[in-house]
4 protein chains.
Amino acid sequence: MSLNTFGHLFRVTTWGESHGPALGATVDGCPPGIAVDAAMLQHWLDRRRPGQNRFTTQRREPDAVEILSGVFEGQSTGTPIQLMIRNTDQRSKDYGEIARTFRPGHADITYWQKYGIRDYRGGGRSSARETAARVAAGGVARAALAALAPDLRISGYMVQIGPHAIDRARFDADEIERNPFWAPDRLAAAEWEGHIDALRKAGNSVGAVVEVVASGVPAGLGAPVYGKLDTDLAAAMMSINAVKGVEIGDGMAVAALSGVENADEITMGPDGPVYASNHAGGILGGISTGQDVVVRFAVKPTSSILTPRRTITRTGEETEIVTKGRHDPCVGIRAVPVGEAMMACVLLDHLLLHRGQIGESRGRIG
Amino acid sequence: MSLNTFGHLFRVTTWGESHGPALGATVDGCPPGIAVDAAMLQHWLDRRRPGQNRFTTQRREPDAVEILSGVFEGQSTGTPIQLMIRNTDQRSKDYGEIARTFRPGHADITYWQKYGIRDYRGGGRSSARETAARVAAGGVARAALAALAPDLRISGYMVQIGPHAIDRARFDADEIERNPFWAPDRLAAAEWEGHIDALRKAGNSVGAVVEVVASGVPAGLGAPVYGKLDTDLAAAMMSINAVKGVEIGDGMAVAALSGVENADEITMGPDGPVYASNHAGGILGGISTGQDVVVRFAVKPTSSILTPRRTITRTGEETEIVTKGRHDPCVGIRAVPVGEAMMACVLLDHLLLHRGQIGESRGRIG
Amino acid sequence: MSLNTFGHLFRVTTWGESHGPALGATVDGCPPGIAVDAAMLQHWLDRRRPGQNRFTTQRREPDAVEILSGVFEGQSTGTPIQLMIRNTDQRSKDYGEIARTFRPGHADITYWQKYGIRDYRGGGRSSARETAARVAAGGVARAALAALAPDLRISGYMVQIGPHAIDRARFDADEIERNPFWAPDRLAAAEWEGHIDALRKAGNSVGAVVEVVASGVPAGLGAPVYGKLDTDLAAAMMSINAVKGVEIGDGMAVAALSGVENADEITMGPDGPVYASNHAGGILGGISTGQDVVVRFAVKPTSSILTPRRTITRTGEETEIVTKGRHDPCVGIRAVPVGEAMMACVLLDHLLLHRGQIGESRGRIG
Amino acid sequence: MSLNTFGHLFRVTTWGESHGPALGATVDGCPPGIAVDAAMLQHWLDRRRPGQNRFTTQRREPDAVEILSGVFEGQSTGTPIQLMIRNTDQRSKDYGEIARTFRPGHADITYWQKYGIRDYRGGGRSSARETAARVAAGGVARAALAALAPDLRISGYMVQIGPHAIDRARFDADEIERNPFWAPDRLAAAEWEGHIDALRKAGNSVGAVVEVVASGVPAGLGAPVYGKLDTDLAAAMMSINAVKGVEIGDGMAVAALSGVENADEITMGPDGPVYASNHAGGILGGISTGQDVVVRFAVKPTSSILTPRRTITRTGEETEIVTKGRHDPCVGIRAVPVGEAMMACVLLDHLLLHRGQIGESRGRIG
């Protein structure tokens, strides 16, 4: 992970700004012979695409992905896959004021302080548009996982918006695709709809918590002590715009547990170890157990809001700012497919790393 | 960050097992001309050293660090610094049963599944002893930071043990060094003492939340979009044994905030921007703002407990395990100096990265 | 350096195939505030462009570079710079036979053996067209060097074609741009013209040796013991298509020298050390001395020739192959700007690395 | 490859100075379950050990290697293997003068210019003693190769000392271990003996060319376009002290070949492709063909000589230097086992990389 590159063997470099000509991902290290085409990647991009309902930004971007290299006759060749998405709906006029005034809670000020130059149009490199490139790269990772770990499934969904969490007792996976919030709980979705509508009308925004679960993950992925699976998942999720917290399994709540409660007891099933619980989120010592890998991350509320906030300009004058333009009232919603994409990239990377160092054989139980 | 190496320019590779001859850290990329000696590193190691009170493992390790390379006449030379700590108090006989039986909640089973071989003595590579190497390397990072960023201060302390959090209104930095828990709240420390004693007597253990704050961090450290400062901090903290959650600033709680609440409003002070609050934990868009950098992480309860738990053996037989030996009832306590060390390593690394790409100049405000 | 990425802090990832839609370079780590535009990069690409005379392939490619990201209002922003060159003159029909028959001396067979799939059109990823992306990236490196090390100059030229070397006594830098071979020796150029014409008419091709010299390189660039300046230069040049040997300074000829001859004696000049000779090619212990950095590399003859050669097909049948199509009779000619580009990338990378670890200060002499 | 670390998946970090307490190698990424012990590594170290005859330095170092981590009950565990060699025969008094005077042709001056501090005792980090750590790490790589590629053999030998090359017609592999020069040609060895003796008596030294050949290398190792097998071999060999040129196959001589001559024609044998020649040195397009991998490198003459040479001091005074002490008259001799070790490390690394990205399957011929 080095500036704009993520991963060890499956390496994704994203590039591009919100209002430049294009953005995309350079994907290096994909195994050869994987069926990849633009339509397949488009499927995942369409899930993340803005403007699909009133709860996301009204910017209209087709987010059409073009494969420029690394795929020949419908298959990956093992060489770098370049994925490009043209920006088309750039209304740069929306962004006049923020050229010189910093939005509180936004990267405007830190980019300026670091670089002494910034592409202020639409947040430039710090825009959530960058995550489209991740979703495209994640599509390649999913295609490779489908070939290498066919039982592996990745599912992202929303578990909290503002102060309102889902009720785990009502968890229904079939609900996820039926509402604009990826909520696995129909009643929570209804509650969130009202909550967001009220905030949006008030010129305000709201935070969220996303959960991503991978099932069918082979045991043994991850490596001590800095290449741990959870280390890379934490980095992957924290690198998404606006994320401020990451949890594996029980996460921050482990602090309140005793060792007796926290121990996921083990019995022997017909296919190997069976765990009585999953406080660990499928990872022990940085290595996957074979249980579901469970990650959660918190997304802060959009900082581009219609309520005036006190701030300063580039020349140090104090002022107030109201951010017009087309912004997500809850940027966490579009983070769901992004979290899934990052999960796919990390798992594929660790699958390849494991195969590289260990090969196919490993410790048997029983 | 690649298996056992952490960092971009300031690169730390830790090595060694709990009951092998020694463990240590290979530190590459330290600037030359930094005053470094063993006594200075020993100071930090002594803070982490086990056996100092009844709340940590009773294993007696002097943790004496030896500098084998990279330092000449009391100064770093710019070449790799090898830090070695001999293991001395290895009672391998304590670890007979766990050679074939997996402790629930422990890396025993995943190391076996991954590698098909494991050094079962005392947890081997997955032992918390590995963190001694981190603390030693962190001592080198602190020495370099003292020269390069003299106003920078790092302070770690405990904010929660079990269900009992500190009262922020009672926060007193002077208390931290006065109690065995690094608690900044005297009443919380008293409460924790009772809580841990009760659990320990019951053959149980407890989780914790550690907070690490760095003040005096220059604005501009970090880089989009995978080399973000918070990405690397999240990875650094998640890579510590038993950590299951990491938060920057308000962390998971940002989900419940509105954008109006979350925006850290900015005014202009004599020395630059002044922020009305620090929900962001000193990082916006992955780049430091100049405010305090605030990180928290949750440490799960020790999985080596005296209460019997159901588990299986290497050959797949179901059994119960009781882990005898000398284990921390709250491994989170010793994680405080480790979190500080990781903070030091990450900040130095990003300071060097920043200097490499940007040099000294950057965007001025005002 | 990891598969398709080169560099530590200034990182270049090239992507693309000879006959795919496009190829290019993802350039990460460029300092901000560097004046960069497409015209500047085009200048260097035009030097390498095929079809300019009868000594290079007759493929007509405008090699027009498009900057897709990382540059705002004519300056680098510090974020990834994506450089794209569309392929336009793809006559895929030329490449029918090589879809199933391997050219001796070409990567056809090894790509097949490794990946089990290959884009056979025009050599795919192994085509010399990939070097266009390097030249574009090298243009960015040169722009940054112009700002950071204004006295630094890079000059590449040809010193041998076939068995005919230049006469160093006739070395004339002004000649380099006056002949199609980048020869610094007018008589050698005339000789080469006849040699290549004869080989081309005979359906044959020829090898070459390119020399690249950088003057004005600050002392102190490079680092022990694997990040040496010469290590990275050797890797950079060896990574260019068809290169089989790399020399620093006297190169292979040092074997025949005695220690007395090889020692570059030092005296003290007004601005620092003055060397009586430069057998070392400007690098001692992997670190630049401040003298000219001198690198040479040998480029093998093009393997795509009109003379029949014995080979096999993908299905193992023995056959002969004659490679039609538009191929360079001496691919070494176009390697001259590529060698310059690699020199620029390596020097900038080490300048940034040095600044990162050391800053501005270093050991003074006198 | 990042400062003092070499390799992608099999990563070797060497550390230590000539006259510090110890030196060694941190080896990360070794597959688990490989039989490794100190005696096995000692075998290779003993081949490189100084003081065994009058043609190498008379420093007496046992070079006894200690394994500090990563090996359990005689097998690698998959965690970092720390190899330490204590320095024992440090006569620091030998090195008084060079504390302030720079040896021409030596890294003394560049280390000073870069770092502003240097361990001048015996060359410090730039000493050839560092290569002991490489040989130890190479022993681990050989052990892993023995398990993963049992047909692979690595053989290094000397092909030139001073102006005298071996006669390839007299090549006899059995001779290599019978003379102190690793010469595969008995008559050349006799000639070199006289040549070196004369130079040594004259207070002079001599250069050399080493060749390393690996047979039994599986086809398909290496990756475009910066992770090429020859790129990494060139870097590996150029990183060895005093090396100034690296050649693959015909090396610099390819320049004089025509395409007809250079094409290694292919026929079909019972086990796959059969090549009529090996100008390519077993590598096409950066990927192994299955033929012998052939690398050569030139080692310059030792710069520590008894003949006075003009130089300057740290304070800029002009002077002459005569280097007393125990120095190799031909440091190239001890580079033979080092070249073998680097070959082993690179091949294992690429074997693991290949297995990681590709797995076992690949393109079949026939």
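1. In this predicted model, the buried residues of helix α2 of chain A are covered by elements of two chains. From chain A itself the cover includes β17 (309-312); from chain B it includes β12 (266-269), β13 (272-275), β14 (283-284), β15 (287-288) and α7 (335-358). The buried residues of α2(A) are A:D108, A:I109, A:T110, A:Y111, A:W112, A:Q113, A:K114 and A:Y115. Eight of the eight residues of this helix are thus buried, so α2(A) is largely enclosed by the rest of the structure. The helix is followed by A:G116, which has a positive phi, near 70°.

2. The loop that precedes this helix deserves a separate remark. A:F102 lies in the loop between β7 (81-86) and α2 (108-115) of chain A, and A:F102 is buried, with a relative accessible area of 0%. Apart from neighbours within four places in sequence, A:F102 is in contact with A:D108, A:I109, A:W112 and A:R118, with A:T311, A:I312, A:T313, A:R314 and A:I321, and with B:I365 of the partner chain. By contrast, a distance of 35 Å separates the C-alpha atoms of A:F102 and A:A344, which are 242 residues apart along the chain.

3. The contact between chains A and B draws on 116 residues of chain A and 116 residues of chain B. About 9100 Å² is buried between the two chains, and carbon and sulfur atoms give 62% of that area. On the chain A side, the residues that lose the most area to chain B are A:K114, A:Y226 and A:K244, together 10% of what that side buries. A:K114 is also one of the buried residues of α2(A).

4. As to the symmetry of this pair, chain A is superposed on chain B by a rotation of 180° with 0.0 Å of shift along its axis, at an RMSD of 0.0 Å. Of the interface residues of chain A, 100% are also interface residues in chain B, so the copies meet through the same surface.

5. The contact between chains B and D takes 42 residues from chain B and 42 residues from chain D. Here the buried area is about 3100 Å², with 60% given by carbon and sulfur atoms. B:L68, B:F72 and B:I117 supply 20% of the area that chain B buries against chain D, more than any other three residues.

6. Chains B and D are likewise superposed by a rotation of 180° with 0.0 Å of shift along the axis, and the RMSD is 0.0 Å. The two copies are thus related as by a two-fold rotation axis. Within chain B, the residue that comes closest to the rotation axis is B:T26, whose C-alpha is at 3.8 Å. Because 100% of the interface residues of chain B are also interface residues in chain D, the copies meet through the same surface.

7. One sheet runs across chains C and D. This open sheet of ten strands has the order β9(C)-β8(C)-β10(C)-β16(C)-β11(C)-β11(D)-β16(D)-β10(D)-β8(D)-β9(D), with antiparallel pairing. At its edges stand β9 (164-165) of chain C and β9 (164-165) of chain D; each has a single partner strand, so one side of each is left without a neighbour in the sheet. The junction between the chains is made by β11 (residues 243-248) of chain C and β11 (residues 243-248) of chain D, which run antiparallel and are joined by three bridges. In this pairing C:G245 stands opposite D:E247.

8. Two helices that lie across strands of this sheet may be noted. Helix α7 (residues 332-357) of chain C lies across β8 (153-161), β10 (208-215) and β16 (293-299) of chain C, at about 145° to β8(C). Helix α5 (residues 229-238) of chain D lies across strands of both chains, namely β11 of chain C and β11 and β16 (293-299) of chain D, and runs at about 155° to β11(D).

9. Chain D also holds an open sheet of five strands in the order β1-β2-β3-β7-β4, with antiparallel pairing. Its edges are β1 (5-6) and β4 (65-67), each with a single partner strand, so one side of each is left without a neighbour in the sheet. Strands β2 (residues 11-16) and β3 (residues 22-28) of chain D pair in the antiparallel sense over six bridges, and D:W15 stands opposite D:G24 in β3(D). Helix α3(D) packs on this sheet, touching β2, β3, β4 and β7 (81-86), and its direction makes about 35° with that of β3(D).

10. Helix α3 (residues 130-148) of chain D has 19 residues and reaches 28 Å from its first C-alpha to its last, close to the 27 Å expected at 1.5 Å a residue. Of these 19 residues 16 are buried, so α3(D) is largely enclosed by the rest of the structure.

Key
Residues are numbered from 1 along each chain as its sequence is written. Chains are lettered from A and ligands numbered from 1 in the order in which they are written. This is a predicted model: local features need pLDDT of at least 70, side-chain atom pairs count only at pLDDT 80 or more; totals for chains, interfaces and linings use all residues. Side-chain values use heavy atoms; hydrogens and water are left out. Two strands pair if DSSP finds at least two bridges between them. Helices (H or I, at least four residues) and strands (E, at least two) are DSSP runs, numbered from the N terminus. Contact means heavy atoms within 4.5 Å. Axes are lines fitted to C-alpha atoms, for helices over the stretch in contact, and angles run from 0 to 180 degrees between N-to-C directions. The expected span of a helix is 1.5 Å times one less than its number of residues. Buried means under 20% relative accessible area, exposed over 50%, partly exposed in between (1.4 Å probe, protein chains only). Copies are superposed by least squares on the C-alpha atoms of residues with pLDDT of at least 70 in both. Buried area is the accessible area (1.4 Å probe) that two parts lose on being put together, summed over both.
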